Amino acid sequence: MQLYTALLLCVLVLSLTGGLKPFQPIVALGRFQTAFFALSMLALSRFDFSPNPETRFNLCAVFMPLALALWARTEAIRGGVPCALAAFSLVAFGAEKAGFFAGAQSGVLTGFIAGASAAALADTPKTALAVAAAIPLVCAILSTCFALVTGSYVVMDFGQVALRDAQMSALCFGSVLLCMYTSAKRKDMPGEQG
């Protein structure tokens with residue numbers, strides 16, 4: 001079983017059993033909406049399409065950031081969002097090209113860098129999760145552009161398992177960071193009032 005599948009199944013089970021209750025007020029998302037998101041991403045992850053031999057897409061990897069961006073459209077986008085997307089994407093891309101991320105763990109490590117972007121955007125949690133899911137996709141686009149510039153043979157592969165692993169680990173890690181930030185913020189509030 002792939003990591004993204006296991007994480008989506010965990011999100012599905014936790015949402016149906018009420019285990020995500022502490023997280024739901026942060027992003028204003030109901031338990032059945034979370035379950036629907038997990039089920040739809042599981043279903044979309046089964047569809048790979050290739051319009052030509054040099055291009056491959058996975059619907060889950062492409063639609064996850066788009067779905068989260070549509071969900072976050074009600075939040076006010078600040079100047080930090082594009083900066084965080086660019087900065088964390090470049091950090092993940094640079095670490096990948098430097099050889100820090102090699103092998104099976106590359107998706108998880110890229111996901112941790114992307115999830116860390118949620119800490120920078122903690123005031124807008126929906127946007128933070130949308131950016132965290134988009135960073136691995138932007139990193140894959142940067143890798144493709146880098147290969148084109150260096151003259152390598154390029155296959156635009158947005159269907160890699162490592163990409164989906166990175167997106168789901170970014171969402172999970174970003175969610176944990178948002179919960180920690182919100183919890184710390186709530187603990188600080190009574191101390192300031194007293």
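The legends below accompany an overall view and several close-up views of a predicted model of one protein chain.

**Figure 1. Overall view of the predicted chain, with its eight helices and three strands.** Read from the start of the sequence to its end, the elements follow the order α-α-α-β-β-α-α-α-α-β-α. The radius of gyration of the chain is 17 Å, which agrees with the value near 16 Å that a compact globule of 194 residues would have, and along the principal axes the C-alpha atoms fill a box of roughly 65 × 30 × 30 Å. Of the 194 residues, 44% count as buried, while the surface that the chain exposes comes to about 10100 Å², with 70% of it supplied by carbon and sulfur atoms. Among contacts with a separation of 6 or more, 72% are accounted for by residues 24 or more positions apart. The chain carries 12 positive and 9 negative charges, and the mean positions of these two sets are 9 Å apart.

**Figure 2. Confidence of the prediction along the chain, given as pLDDT.** The mean pLDDT of the chain is 83, and 94% of its residues reach 70 or more. Among the elements, helix α3, which spans residues 31–44, has the highest mean value, 90, whereas the lowest mean value, 78, belongs to helix α6, formed by residues 106–120.

**Figure 3. Close-up of P125 in helix α7.** P125 counts as buried because its relative accessibility is 9%, which lies under the 20% limit for that class. Not counting residues up to four places away in sequence, P125 touches I26, V27, E75 and L178. The view can also include A28, which is 97 residues away from P125 along the chain, although the C-alpha atoms of the two residues are separated by 9.6 Å.

**Figure 4. Close-up of V131, a buried residue of helix α7.** Helix α7 covers residues 125–149, and within it V131 has a relative accessibility of 6%, so that this residue counts as buried. With neighbours within four places in sequence left aside, the contacts of V131 are V81, L85, S117 and L121. For a sense of scale, G19 lies 112 residues from V131 along the chain, and 24 Å separate the C-alpha atoms of the two residues.

**Figure 5. Close-up of S143, again in helix α7.** The relative accessible area of S143 is 15%, and S143 is therefore classed as buried. Beyond the neighbours within four places in sequence, S143 is in contact with F93, E96 and K97.

**Figure 6. Close-up of T5 in helix α1 and its contact with R46.** T5 belongs to helix α1, which is made up of residues 3–17, and its relative accessibility of 9% places T5 among the buried residues. Apart from neighbours within four places in sequence, T5 is in contact with L42 and R46. R46 is located in the loop between α3 and β1, the latter formed by residues 48–52, and at 56% relative accessibility R46 counts as exposed. The contacts of R46, with its neighbours within four places in sequence again left aside, are Y4 and T5. The contact shown here thus joins a residue that counts as buried, T5, to a residue that counts as exposed, R46. In the wider frame, S175 lies 129 residues from R46 along the chain, and the C-alpha atoms of R46 and S175 are separated by 25 Å.

**Figure 7. Close-up of N58 in strand β2, with the residues that it contacts.** Strand β2 consists of residues 55–58, and N58 is placed within this strand. N58 is buried, with a relative accessible area of 0%. When neighbours within four places in sequence are set aside, N58 is in contact with L44, S45, F47, D48, F158, G159 and R164. Of these contacts, L44 falls in helix α3, given its range of residues 31–44, and D48 falls in strand β1, given its range of 48–52. A140 lies 82 residues from N58 along the chain, and the C-alpha atoms of N58 and A140 are separated by 13 Å.

Note on methods
Residues are numbered from 1 along each chain as its sequence is written. This is a predicted model: local features need pLDDT of at least 70, side-chain atom pairs count only at pLDDT 80 or more; totals for chains, interfaces and linings use all residues. Side-chain values use heavy atoms; hydrogens and water are left out. Helices (H or I, at least four residues) and strands (E, at least two) are DSSP runs, numbered from the N terminus. The radius of gyration is taken over C-alpha atoms; the globule rule is 2.2 Å times the number of residues to the power 0.38. Buried means under 20% relative accessible area, exposed over 50%, partly exposed in between (1.4 Å probe, protein chains only). Contact means heavy atoms within 4.5 Å. Accessible areas come from the Shrake-Rupley method with a 1.4 Å probe; for residues, only the protein chains shown count as cover. Lys and Arg count as positive and Asp and Glu as negative; His and the chain ends are not counted. The place of a charge is taken as NZ of Lys, CZ of Arg, CG of Asp or CD of Glu. pLDDT is the predictor's confidence in each residue, from 0 to 100.
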